[in-house]
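Dear colleague,

I am passing this structure on to you, and I would be glad if you could look through it before reading the notes beneath. They are written for someone who has not seen it before.

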Amino acid sequence: MKEVLLPLVYAVATLAGCVWLGGWLGRLLRHALDRLRVDPLVANLLVRLVRPLAVVIGLAAALNLLGLDGASTGLAAMLGGASVALGLGLKGYLSDVAAGTFLLTNRPFDRGDLVSVGGQTGVVVDLGLFTTRLDLADGNTAFVPNSRVTAAPILNFTDRGSRRLQVEVELPREADLDAAMATARGVLELPGVLSEPAPSVALSQVGGATSRLSIQVWADNADHDAVQTALNSAVHRAFAREAR
């Protein structure tokens, strides 16, 4: 009985120790990566791989302690067979992993960037093996499969530091174009509007019953929403006065 229980205790202790060691190594790796200022998206992915790897090693070691050397070999064979089965049955998930690797390598965005990917627009929170997590403006969280992220153009609104804002005004055919453009230029001097690139007013569409005037300004990303609101209000008030 002792010959059976003792190896069993050792095997359980080894497996438990590997699970604990995996958690400890994960925390240690996290600390080291933070000190080295490794990108958070890369660091998160590396830390997540530590514990599963430690569990596999612990399971193989536990089987050896139980004298099941063939079982550990069988475990390796089983994992190999499982990988083939998963490769056939979970092609979509594997493409997500490949896409995640591509995103980590090419870095079209970083954590905290405002992006539009896979039909969703939000702030990047995390990049995992299978999904990219976004915080949406409405307070919800979107988990976008990595394969969808790389399948279409990625719009990064944060990358350049500033963004263009645009308001369009429809003018009746009989409107005085010069007066309308002068009115539009009068609203360009708003707090937060950048001088470079310079604001502009242009006739963007002609024809039919109306023409369209396009008012464009640039603002820093941090000021984007406030400047957009102020611009909308200023344009509305200015052209409402002109219509009286």
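What follows is a walk through the findings, from the whole chain to single residues.

Please keep in mind throughout that this is a predicted model. The protein chain has seven helices and eight strands, and of its 244 residues, 30% count as buried. When contacts with a separation of 6 or more are considered, 61% of them in the protein chain come from residues 24 or more positions apart. The area that the protein chain exposes is about 14800 Å², and carbon and sulfur atoms supply 61% of it.

At the start of the chain, helix α1 covers residues 2-35 and includes W24. Together with W20, L21, L25 and L28, W24 makes a nonpolar surface patch of about 490 Å². The relative accessibility of W24 itself is 37%, so this residue counts as partly exposed.

Next comes a sheet. Five strands form an open sheet in the order β4-β3-β2-β1-β5, and their pairing is antiparallel. Its edge strands are β4 (141-145) and β5 (155-156), each of which pairs on one side only. As background, the strands of a sheet pair through backbone hydrogen bonds, and they can do so in a parallel or an antiparallel way. Strand β1 (residues 114-117) runs antiparallel to β5 and is joined to it by two bridges, and V115 is the residue that stands opposite N156 in β5.

Within strand β3 (residues 131-136) you will find T132, and this residue deserves a question of its own: is T132 buried or exposed? With a relative accessibility of 1%, T132 counts as buried, because the limit for that term is under 20%. The side chain of T132 makes a polar contact of 2.9 Å with the side chain of N146. Once neighbours within four places in sequence are left aside, the residues in contact with T132 are L103, F109, D126, L127, A142, F143, V144, N146 and V149.

A second buried residue is F239, whose relative accessible area is 15%, and which belongs to helix α7 (residues 224-243). Not counting residues up to four places away in sequence, F239 touches V169, L171, A180, T183, A184, L213 and I215. For one of these partners the separation can be given in two ways: F239 and T183 are 56 residues apart in sequence, yet they are 7.3 Å apart in space, C-alpha to C-alpha.

Charged side chains are the next topic. In general, side chains of opposite charge can pair when their charged atoms come close. How many salt bridges does a search of the whole structure find? The search finds three.

One of them brings together the side chains of D110 and R107, at 2.7 Å from N to O. D110 counts as partly exposed at 32% relative accessibility, and R107 is partly exposed as well, with a relative accessible area of 24%.

Another is formed by the side chains of E168 and R212, at 3.3 Å from N to O. Because E168 lies in strand β6 (residues 162-172) and R212 in strand β8 (residues 210-220), this pair ties together parts that are 44 residues apart in sequence. E168 counts as partly exposed at 37% relative accessibility, as does R212 at 25%.

R212 also meets E170 in a salt bridge between their side chains, at 2.9 Å from N to O. Here E170 lies in strand β6 and R212 in strand β8, so the pair ties together parts that are 42 residues apart in sequence. Through salt bridges that share partners, E168, E170 and R212 are joined into one network.

Two points of backbone geometry remain. Most residues other than glycine have a negative phi, and most peptide bonds are trans. Against that background, R107 is not a glycine and still has a positive phi of about 50°; R107 lies in the loop between α4 (91-106) and β1. The other point is the peptide bond that joins E196 and P197, which is cis with an omega of about -10°. P197 lies in the loop between α6 (177-185) and β7 (200-205).

With best wishes

Conventions
Residues numbered from 1 in each chain as written. Predicted model: local features only at pLDDT ≥ 70, side-chain atom pairs only at ≥ 80, totals over all residues. Heavy atoms only, no water. Patch = residues over 30% accessible without salt bridge, like charges linked within 9 Å, V, L, I, M, F, W, Y side chains within 5 Å. Areas by Shrake-Rupley, 256 points an atom, 1.4 Å probe, with all protein chains shown as cover. Salt bridge = Lys/Arg side-chain N within 4 Å of Asp/Glu carboxyl O. Helix = DSSP H or I, 4+ residues; strand = E, 2+ residues; numbered from the N terminus. Buried < 20%, exposed > 50% of the residue type's maximum accessible area, 1.4 Å probe, protein only. Pairing = 2+ DSSP bridges. Contact = heavy atoms within 4.5 Å. Polar contact = N/O pair within 3.5 Å; in protein donor to acceptor, adjacent residues only side chain to side chain.
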